[in-house]
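Hi,

Here is the structure I said I would pass on. Have a look at it first, and then read my notes below.

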Amino acid sequence: MKRSRSLVLSVVAAVAAALGAVWVAAPAFAAGATATFVKTSDWGSGWEGKYTITNGGSSTVSGWTLSFDLPAGTAVGTYWDALLSSSGQRHTFTNRSWNGTIAPGASVSFGFLGTGPGSPVGCQLNGASCGGSPPPTTAPPTTVPPTTAPPTTAPPTTPPPTSPPPVTGLPKRILTGYWHNFDNPAVELRLRDVPAEYDVVAVAFADATATPGAVDFAVDPGLSAALGGYTDADFSADVRTLQSRGKKVIISVGGETGRVAVNDAASAVAFSDSVYALIQRYGFDGVDIDLENGLNPTYMAQALRSLHAKVGSRLIIAMAPQTIDMQSPATSYFKLALDIKDILTVVNTQFYNSGAMLGCDQNAAYAQGTVNFIVALACLQLEAGLRPDQVGLGLPAGPGAAGGGVVAPSVVNAALDCLTRGTNCGSFRPPRTYPNLRGAMTWSVNWDVTNNNAFARTVAPHLDTLP
């Protein structure tokens with residue numbers, strides 16, 4: 001985004017009730033770590049499975065690897081809270097960075113979707129038996145009448161997260177807009193004049209200081225002059241005004257020209273301390289990471305966890321990566337998002353200024369400025385580890401806001417429908433629906449006001465209609 005551009009012993013009695021046929025692995029009575037499996041739902045052609053790993057020993061488990069076989073005709077689809085490698089019908093899951101350590105008596109879990117009728121067999125945890133009898137390959141008769149299964153003609157929905165989202169006080173759906181702390185051809189606005197449709201206002205931007213990793217913010221002199229005088233005290237009062245209206249205000253770090261470098265332990269401390277100081281000074285509800293010139297996921301994760309420890313669970317952590325930054329979980333931005341998934345609020349990828357990009361099918365390069373592009377690239381994030389409530393669609397607010405990828409607000413609504421309901425799709429259809437998708441973002445509030453608030457007035461009421 002530009003300032004000036006058109007821009008989750010071992011005595012285990014596992015009991016599960018689920019939709020359709022359900023089985024649970026028999027309890028194990030050996031010391032150490034054990035794993036139990038349950039099908040949490042079954043809709044005939046597929047099912048959702050969950051493994052729970054419990055440390056029944058006296059020492060901490062540091063890292064885990066769980067493997068099992070699936071019979072021919074049964075495969076693993078989407079998975080979450082683990083990493084997966086497969087060789088034929090043997091599937092191996094390993095911990096993520098946030099759930100590899102299991103204290104004595106504690107448990108962690110991961111889940112996945114299965115296609116076909118079979119169930120896991122031959123389970124091994126860290127090279128030993130998962131414990132108990134292997135699960136049967138055919139489910140026993142269901143003793144509890146199932147609830148209505150999803151229609152066979154509709155794609156399954158994304159499974160619920162294994163841990164609840166952070167408690168930030170945000171509604172289920174959010175519309176985020178960036179507010180300019182600079183003057184350019186878009187309309188200049190005092191913060192308190194942001195239209196009521198916006199749930200989250202991202203203040204653009206905090207800038208780097210001479211101290212590596214540290215950032216600072218003050219009202220831009222050019223903006224102040226354009227508004228006939230607008231001081232830091234005025235701005236602080238406006239933050240409180242928006243919050244009194246039920247809105248959240250976060251400070252965005254970086255932007256297209258931002259050069260904030262968090263590349264070692266010292267700069268991670270400086271970043272955390274300086275952002276915390278801005279939160280205390282201005283009353284911000286969180287931080288947005290909009291570093292378009294690269295980031296180090298290891299040290300930025302360290303900085304954000306430190307900040308989260310200072311502020312608490314109410315801290316909003318947003319990100320606004322470019323599309324190229326979210327093409328693979330191995331890239332730095334995507335890795336950061338997955339590494340802090342337990343404290344991350346939302347990723348609003350900029351689906352513009354990018355040219356054609358691959359989607360989750362990895363089959364075609366979709367052209368920006370289309371429903372296919374938005375849905376296929378959002379699907380990539382949803383299928384590669386982010387929870388639906390952590391994914392937002394970032395689009396320009398209209399003419400002047402970006403150099404490419406500008407779409408009518410109705411196209412944004414169609415993409416939201418396709419992802420949450422499976423309706424209004426283009427030629428690309430995602431493998432399932434994601435009814436908990438978080439919402440949308442736009443660059444920017446100022447450009448939206450310049451274009452008669454068309455984005456907010458079209459997209460915000462549509463968010464309220466989603467499932």
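Let me start with a disulfide: the link of Cys 123 and Cys 130 is left-handed, with -65° about the S-S bond. Please keep in mind that this is a predicted model. The sulfur atoms of Cys 123 and Cys 130 sit 1.9 Å apart. Both ends are covered: Cys 123 counts as buried because its relative accessibility is 13%, and Cys 130 counts as buried at 4%.

How many disulfides are there by this rule? The count comes to three. Counting bonded cysteines along the chain, they follow the pattern 1-2, 3-4, 5-6.

Next along is the pair Cys 360 and Cys 379, with sulfur atoms 2.0 Å apart. This link is right-handed, with 85° about the S-S bond. Cys 360 lies in the loop between β19 (357-358) and β20 (365-366), while Cys 379 is in helix α6, so the disulfide ties together parts that are 19 residues apart in sequence. Are its two ends buried or exposed? Cys 360 counts as partly exposed, at 24% relative accessibility, whereas Cys 379 is buried at 0%.

The remaining pair is Cys 418 and Cys 425, joined with an S to S distance of 2.0 Å. The torsion about their S-S bond is about 100°, so this disulfide is right-handed. Cys 418 is buried at 0% relative accessibility, and Cys 425 is also buried, with 19%; the cut-off for buried is under 20%.

While we're at helix α6 (residues 371-383), its length checks out: at 1.5 Å a residue its 13 residues should span 18 Å, and the end C-alpha atoms are indeed 18 Å apart. The helix is mostly covered, with 13 of its 13 residues buried. Just after α6, Gly 385 takes a positive phi of about 135°. Further on, Asp 389 lies in the loop between α6 and β21 (391-396). Asp 389 counts as buried, because its relative accessibility is 9%, and its side chain makes a polar contact of 2.8 Å with that of Arg 387.

Now for the strands. Going back to Cys 123, look at the open sheet of five strands, with the order β6-β7-β4-β10-β11 and antiparallel pairing. Its edge strands are β6 (83-87) and β11 (128-129), each pairing on one side only. Strand β10 (residues 121-125) runs antiparallel to β11, and two bridges join them. Gln 124 stands opposite Ser 129 in β11.

Strand β16 (residues 286-291) is worth a look too. Which way do its side chains point? Gly 286, Asp 288 and Asp 290 point one way and Val 287, Ile 289 and Leu 291 the other way, and all are buried. Two parallel pairings involve this strand: six bridges with β15 (residues 248-255) and four with β17 (residues 316-319). Ile 289 takes part in both, standing opposite Val 253 and having Met 319 as its bridge partner in β17. From β16 the chain crosses through helix α4 (residues 297-311) to β17, in a right-handed β-α-β crossover.

For the overall picture, the chain has nine helices and 22 strands. Buried residues make up 55% of its 467 residues. The accessible surface comes to about 17400 Å², and 55% of that belongs to carbon and sulfur atoms.

Cheers

Technical notes:
Residues numbered from 1 in each chain as written. Predicted model: local features only at pLDDT ≥ 70, side-chain atom pairs only at ≥ 80, totals over all residues. Heavy atoms only, no water. Pairing = 2+ DSSP bridges. Expected span 1.5 Å × (residues − 1). Buried < 20%, exposed > 50% of the residue type's maximum accessible area, 1.4 Å probe, protein only. Polar contact = N/O pair within 3.5 Å; in protein donor to acceptor, adjacent residues only side chain to side chain. Areas by Shrake-Rupley, 256 points an atom, 1.4 Å probe, with all protein chains shown as cover. Right-handed = clockwise from strand over helix to strand, strands pointing away. Disulfide = S-S within 2.5 Å.
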